[in-house]
Amino acid sequence: MPMAHAKFVHLHVHTSYSLSEGALRLKDLVSLCQRHKMPAVAMTDTGNMFGALEFSLACAKAGIQPIIGTSLAIASPTDTETRRSEPRRLVLLAQNQTGYANLLKLSSLSFLETPAGETPQVALEALARHAEGIIALTGGPNGHIGHLIEAGQNEHAEQLLLRLAEMFPARLYVEIQRHSLGRENRIENVLLELAHKHEIPLVATNEAYFADAAMFEAHDALLCVAGGNYVSEGDRRQLTPEHRFKSADEMAMLFKDLPEAVKNTLVIAQRCAFMSPTRDPILPAFTGDGGEDDVLRKQSREGLERRLDKAVYTAEMSAPERAEKAKPYHEKLEFELGVITEMGFSGYFLIVADFIRWAKERGIPVGPGRGSGAGSVVAWALTITDLDPLRFALIFERFLNPERISMPDFDIDFCQERRDEVIAYVQQKYGHDRVAQIITFGTLQARAALRDVGRVLQLPYGLVDRICKMVPNNPANPVKLADAINDEPRLQHMRMTEDGVDRLLDISMKLEGLYRHASTHAAGVVIGDRPLDELIPLYRDPRSDMPVTQFSMKYAEMSGLVKFDFLGLKTLTVIDRAQKLIAEKGDVVDIAAIPLDDERTYEMLQRAESVGVFQFESSGMRDLLREAVPDNIEDLIALVALYRPGPMENIPKYIACKHGREQPENLHETIEPVVRDTYGVIIYQEQVMQIAQVFAGYTLGQADLLRRAMGKKIKEEMGAQRAVFVTGAVERGVDKGRAEYVFDLVDKFAGYGFNKAHSAGYA
């Protein structure tokens, strides 16, 4: 028999996506539903749908029905208030696919059409246009109707209720709340009378902002942080310990005189049957007639010939010599085209090539390429990248692997000052409503939480500053406050002996990790094949005139949107200015044509005169240049890859072998050519893949899967890979012990091996 479920469902819940207001993390919300045997739960964050897809997936995984909603601000419908007054809210829940689509529209409209500086809101007329498929709750004392009743405008309240009932026929509920607030008591009887008079059903909600009463004090501090208040102030926004996630039994007891209001929470949950969908990648059509594959083949083949003419052929070469030299390029190009067209990514390559070509034609500096995309001959032929993948032994399968389907991802560097021109071109070409930036969410990290909480508790600044300095500051891998306390005896002592410190630490730990504010991803732009608000909700960053996705990058991509990275790089701006200054003196310097074997350049680098040189300007990197004495481009590629946490431990071995003080370890005759350029040291992920290919018989696609497994250290997968690797090597005549030794060595390097294509682009 199925397990009995609770007889109440929460329909008005604020998660941590109610920024600086909600303190319910999604995983905690799901756990609470499981603990209380609630079959469903609604997410109704203040004014947004930021977490809709993440919430849907988390609930579905736990066997809980997600109800997608929002607490939406509605512009004042009466003459007694102005639009600029604090807008009142309606709770809107998606009943079905149509309702979800309308919620996307309404949430997007509230951000995109509200003047800057005002609370995002929609007019009643817009609500009426997009009401189908939505269940509406009147919003309790924070709704328009509750507010009008409290102001003594019962007639206005009744008129608005009837108007809403007309907009949401048989889909409107009068929301009753009981958080021990005086204003709830003052309006309840009138709400009940109106509901009875017009036969509009009641629903009981508990507006949950935090998990339990133990979280109340921390949540109160969070409201003070958001509002710029002190906890000791009386005249400020305050909630009650009742604004917690209550059990069904608590709600049944609280509303024992209105059992139908509790029962209707289950009725509403049964009426709602839709969750935010995931989709395969959606791209705009590049050609209009669906012939992207043919266009890609034509542009790639023509582009490759131009590249070979310029970079590979010499004037002395005969026709047969040219054909022999071109053969591996053509073979690789045709292989890549087969993979790209089979995976359905032709349009992606054409879109990227188009806006890069547009930028270059207008003299906007573009980088030579970074990331694994530099391993593609097609990308080189289309001028997306400027690295010859065969010359640098770069591997296409590190970028696109037919054995592991995932979207290609080109990170493109543009001149910092002219990047926006390229984005504007993309907007104009594909449509302003089909191009958006990507939202990011700032969280309260340990030190920030301590400073904010210390301020609202009015603790001495010097005390809080002293405590903050005991918490390690590592932005790349933030230290949790609980770990910092465990590792720092001085903090433990202060917690026991100094007034206010225990409270400060306790509240800060409870608030740590909550979302604090929304901002925009530095480089990411998504392009769709239809208005984006048909796929996801949109947001507006006050600092940008461009729409922004309400979903963060991971969930925007899961919704079908494809990300393109437009990076602004100051180095390109500096190079461009230098070229122009030189041109004023009558000389022309073509950066793309500078030889990679210029002796004076290497002499300069060996002297560590590299301030202002991209990737080589830090003091540590300049020390490394003096030690390593680079004299070719492969050395520079290796140094870029080595100078990072993890690979750094290989630097002494690399330098000793380069200068002949040590001999490289001879692992096997098939491996020696793979590691020759790096003096026997395995530095790159591509080397790991090549070793698996030549030593153990992997395809490059399989080798990429091995590389990923080694990087992630997945135990079961690693056991299976070890067996395949060793068996493959033994079949090729390698001793089993040697095969196992090589596997372990490769495994060690793979954990922090660097992407050579990325390193080569930088170098």
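In this predicted model, Q177 sits across from T205 of strand β6. That pairing belongs to a stretch where strand β5 (residues 172-177) and β6 run parallel, joined by four bridges. Helix α7 (residues 182-197) lies across these two strands, β5 and β6, and runs at about 155° to β5.

Both strands belong to an open sheet of six strands, in the order β1-β2-β3-β4-β5-β6, with mixed pairing. The edges are taken by β1 and β6 (202-205), and each has a single partner strand, so one side of each is left without a neighbour in the sheet. Ignoring direction, neighbouring strands here are turned by 35° against each other on average.

Over at the β1 edge, β1 pairs with strand β2 (residues 65-74) in the parallel sense, over four bridges. Here A42 is the residue that stands opposite I67 of β2. Strand β1 (residues 40-43) sends A40 and A42 one way and V41 and M43 the other, and all of them are buried. A helix turns up here too: α2 (residues 52-61) lies across β1 and β2 and runs at about 155° to β2.

V41 comes up again in the largest nonpolar core. This core has 86 residues, and V41, L92, L127, L164 and F168 are the ones that touch the most other members. Helix α3 (residues 97-112) gives the most to the core, namely six residues. Leaving out residues up to four places away in sequence, V41 touches a list that includes V9, L29, F55, I64, I67 and F245. Another core, of 61 residues, lies apart from this one, with L605, I655, M689 and M718 among its members. In soluble globular proteins, nonpolar side chains tend to be buried together.

Then there is helix α8 (residues 216-227), which packs against two other helices. The first to look at is α20 (residues 501-511): the axes of α8 and α20 come within 9 Å and cross at roughly 80°. That makes α8 roughly perpendicular to α20. On the α8 side the contact uses E217, A218, A221 and L222, and on the α20 side R503, I507, K510 and L511. These residues split into five nonpolar, no polar and three charged.

Next comes helix α16 (residues 446-456), which packs with α8 at an angle of about 90°, the axes being 9 Å apart. Again the arrangement is roughly perpendicular. A221, C224 and V225 of α8 meet D452, R455 and V456 of α16, a set made up of four nonpolar, no polar and two charged residues.

Key:
Residues numbered from 1 in each chain as written. Predicted model: local features only at pLDDT ≥ 70, side-chain atom pairs only at ≥ 80, totals over all residues. Heavy atoms only, no water. Axes fitted to C-alpha atoms, helices over the stretch in contact; angles between N-to-C directions. Parallel < 35°, antiparallel > 145°, perpendicular 65-115°, else oblique. Contact = heavy atoms within 4.5 Å. Nonpolar A, V, L, I, M, F, W, Y, C, P; charged D, E, K, R; others polar. Buried < 20%, exposed > 50% of the residue type's maximum accessible area, 1.4 Å probe, protein only. Pairing = 2+ DSSP bridges. Core = buried A, V, L, I, M, F, W, Y, C linked by side-chain atoms within 4.5 Å.
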